[in-house]
Amino acid sequence: MKDRFGFDGSKMTGSFFWNRPQLGRRMFFRHMASAVSGYFLMPSRPMETIARAAQTPKGTAKKCIFILMAGAPSHVDTFDLKEGPWTPAAFNPTSFGDVRFPQGLMPKIAGQLDAIALLRSVRSWAAVHQLSQTWVQIGRNPVNGLAKIAPHIGSVVSLELRQQDRDKTLPAFFSLNAGGSVAGAGYLPPEHAPFYVSPNGAGLPNTTHRDGAARFDSRYGLLMDLDADLRYGQNPLGPAPVEMSAFNLDAVKLMYNSDVDQIFNFSPDERLRYGNSTFGNACITARNLLHANKGTHFVQITFGSWDHHTNIYAPNTQLTPMARQFDNALGTLLSDMRNDGSLNETLIVAMGEFGRTVGPPNQTNGRDHFLQQSALFAGAGIQGGRAVGSTDDRGFDTIDTGWHRDRYVRPEDIEATIYSALGIDWTTVRHDDPLGRGFEYVPFAASQDLYGPVHELWG
Amino acid sequence: MGICRVKFALAILATCAAGAVAQEVRQASVADCTFSADPDRFLSQQGRIRREISDRVAKFHRTYAGTGLVFADSAGPEALTRGEAATDIPQRNFIDAEIFGKLKKLGVAPAPLTTDEEFFRRINLDLTGRIPSADDVRAFLADSNPGKRDAVIDRLLYSDEFVDRWKMWLGDLMQVTSASTNIARQQQGRDSFNAWIFQSLMDVKPLKDLAYEAVSASGNTYKDAEGAANFPLNASTPMGPIQDNYDTMLARTASTFLGMAYYDCLLCHNGRGHLDQISLWGSKVTRTDAEQMAAFFSRLRLPRRPIAQNVEMPGSWDVYDQMPGGGYDLNTNYGNRPIRAPIGTLRSLTPQYRLGDKPPTAGDNWREAFAASMVKDPMFARNIVNRLWKQLFSLGLVDPVDTMDPKRLDPANPPPAPWQLQATHPELLEKLAAQFVGMNYGLREMLRFMVQSSAYQLSSRYSGEWKIDYVPLFARHYPRRLEGEEVHDAIAKATGVLGSYVVYGDKTPPVSWAMQLPEPAEPRSNGAVAAFLNSFLRGNRDNQQRSQAGSILQQLALMNDPFVLNRTKVSASPTLQSIAKISSDDAAAQEIFLTFLSRNPSDSERQRAAALLKGASGAARNAAIEDLAWAAINKLDFLFSY
């Protein structure tokens, strides 16, 4: 598959994913001609120059829900349905316009397809779980030197959007059901780190005092009295404890706070409506968090594991029950957010870290790791009811990339898309990093092209 | 972020001090805060906060009205400012000559020396990760031996707790994990890795030998006797050609043992055009130079045994060097790093150490050759002493510690302008490195040397005006937040309530002290305690560094987590039970401070605490003791080592 500059990457084995700022002259000028009008000097980092030329973020959303489908779901059984004798009848493959979708497996989402765009030309760099999960969350190769300091996409969103908020009761970035390592704030200040919660509908943990509110009041008064010198005024220990006491005041504000309680307390009926699952509870919480307008802009929900190497079509284990939980919760979330109008200003992204093998299942009746994958987008004014990009009849490789860059969509491009939707200039380079190298929100380039947002999602 | 609230709360305390009650507080001005977006909403929110705080303070006042409690204007930081004047600070070794010499030259006054209380708590935490018991504090304060600080240092250096703490430190450094992004070491591999580190510490092994073994080790990763073989496993880099493994091994080794993480960059591209502003040495290094270093690892093989029946030690890795052959082949066009192509007719690189050491022959063991060159490299000693310095002083002489620039460290060969020598105290770094070599690379010996200095024993209180320019001068000690393991263990020790955590796998017995956990992913068996520990950002020894940042979750945990509340109960805590038996209110108050904060209370602190206990008996008095214990745990001088 040649890109629009005539470069055919398909002859190469494996995958490329390193920065290659030194383009050949011919390629460089082709890029210049296409992206830029006028004369540009050729500095030592030409890709940076090209990247920063003429771009405008979409800015249609203020909030984002990012669902990491950990373990990597089979794309040919979910967002890029490819039928065969192995497809269970219960999946009920149905055509919605040009989109083929397993209506029987995910009926609620099928009912919301007019709000959903399925991006089918996505390709992971590496079919390794931890590596690619981290890749997707920091939007760059975790193996390179920069990854030590690289923040989670949500932390960058927090950094960029936090300053607009009046009500900053809650952190800007929440990570729900993370379980295990999730990328953090990197080198950014700790207030942009994810706030980890595994919500169960019974409140935010540790925001009530088990020995009673009255007891807490008297204890807290005692503490303030005994510790005043270390918290206010001339602190003999210097600035670090003062910062800690600011976190303490923020923490106290979350306690016995009815606004916060409303976000994290929901009834059994509500839980049932979302499918009575941990994923459902997380979706309710995400909806409540963003709706409350108390400073939260980015919620990641981790839901897995989709790593179905064996017996993928067993009706009561593996893919089917996972997909039902996914469908119940996300379908209801989309419906709720359309009804209250919040979907227009909220970007929803759901993706795994790579895809799964295509065609007939493997010798243990499952599917194995595979680079080709899909991603679900909704909200933020995205034009729904369609697929962007398409794959061959088996889902093996992209045949129509669906966007102007005319190549596979990579995690870096999805990162740029999220920033663009939220009005953040994805070509930003910060010069406050401890490596002294400069930190770019989105790495500039793959071997032959820039990374950038998939604006075709907006039509 | 919290500035307005801080000023505002200060206003409250000032009015409390004057004895006024809630009304004055409501009129406290928030004019200092400039929120132009929506002033009414901001003020109503601030009003609500004001009311909440004033309600709480008023309740507290009401509770203790008529007790004769005097609310002084400020507590008077008496407890933390008692100490001798900083007139004559003894110079105990060349660290002091360098540090105080530079301070004197710049006309900057140092902080005073630590009081005995400050020193004793700090040295216990820094060397063993544990707070001292109240009895130990008392004994130390009462000891009239003028050499008592040196005696304590020696006792702690050779304690069991020292081994636990520094096994954790070396585990962070060498990335001891059971599962990470690239490597599935499994619990057996992690445990044998830890066993080797543990034995090395018990045997007082020179760090040169430890490093040499780590880099050159072969064997099976599950076997305790071959535990060092787990370090080369860090080289494993999936989704790429084997040269990616060689590169990762060099990058990890250079960062860990030489403080030169820029090799990771140089294995993708030349330094020129990338590191010109950052590293004088790096800017002149080519990718080929870096690959010639990686070539030492081009015989390294890491086959994994299948996880199947009839396989001995399934899932383990056999680390070895494939001989003969090797050579870093320039023939890759995929993977984690850019294309490796022949250079003219040169198709493969042989090992060449960066300092021009005689290259190994085909018959030599190449990893041993690298290890030998590495420990002779001046960067090895510099890197280790710099990392130890950072651990004790909170700021490296070179910081970040893995960005050391060999061309900017030797004061006898300074770099050309505009480059400057990299270390804050270049002569000191060189002397410490030489001293470390002279001490046969002894970990305990170098730590002793550092903590015996007056520079280490300075207080964190600073009486003059502090300027940010003074930071690299080490004019005072810098407080550090306790690590999660230290917080957990301090609460456990102070309350005397020890848990027992089953550790994943069958080799490690259950542990009671968090500092004995084999990796930050533990205790997998106890999610609540793991969550408590993780709120203090232990990192994962992989792609998330350990961090001393604060967070809301930490504060919520300290105030409300069952881990804390279950222990601040007289019924559960042996130490609180014995404190409850002390009939004198003053003495009981003092015991709380000695137990939790490792110091005596100031007069005003003692008065307040004793007043809480006064007149109460039975259950009410026990409740007051529990309140004091809770407050002590939530005090900032519990959470910080100062």
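1. A quick definition before the sheet: two strands count as paired if DSSP finds at least two bridges between them. Strands here are DSSP runs of E, at least two residues long, and helices are runs of H or I of at least four, both numbered from the N terminus. This is a predicted model, so to speak with its own thresholds: local features need pLDDT of at least 70, side-chain atom pairs count only at pLDDT 80 or more, and totals for chains, interfaces and linings use all residues. Residues are numbered from 1 along each chain as its sequence is written, chains are lettered from A and ligands numbered from 1 in the order in which they are written, and side-chain values use heavy atoms, with hydrogens and water left out.

2. On to the sheet in chain B. It is an open one, with 3 strands in the order 1-3-2 and antiparallel pairing. Strand 1 (219-220) and strand 2 (300-301) of chain B sit at the edges, each pairing on one side only. Strand 2 of chain B is joined to strand 3 (residues 318-321) of chain B by 2 bridges. In that strand 3, D321(B) is the bridge partner of L300(B).

3. Salt bridges next (a side-chain nitrogen of Lys or Arg within 4 Å of a carboxyl oxygen of Asp or Glu). The search of the whole structure turns up 64 over all chains. One of them pairs R448(B) with D154(B) at 2.8 Å, N to O. R448(B) belongs to helix 19 (residues 443-452) of chain B and D154(B) to helix 8 (residues 148-157) of chain B, so this pair ties together parts 294 residues apart in sequence. D154(B) is partly exposed at 31% relative accessibility; that label covers what lies between buried, under 20% relative accessible area, and exposed, over 50% (1.4 Å probe, protein chains only).

4. Two buried pairs in chain B are worth a look. D191(B) meets R190(B) at 3.0 Å, N to O, with D191(B) at 8% relative accessible area and R190(B) at 0%. R480(B) meets E486(B) at 2.9 Å, N to O; R480(B) is buried at 6%, and E486(B) is buried at 0%.

5. There is also a salt-bridge network with members from chains A and B: D211(A), R215(A), R219(A), K569(B), E626(B) and D627(B).

6. Disulfides (cysteine sulfur atoms within 2.5 Å): the whole-structure search finds 0 over all chains. For C64(A), the closest cysteine sulfur, in C283(A), is 13 Å off, too far for a bond, and C64(A) is buried at 0% relative accessibility. C268(B) has its closest cysteine sulfur in C265(B), at 8.2 Å, again too far.
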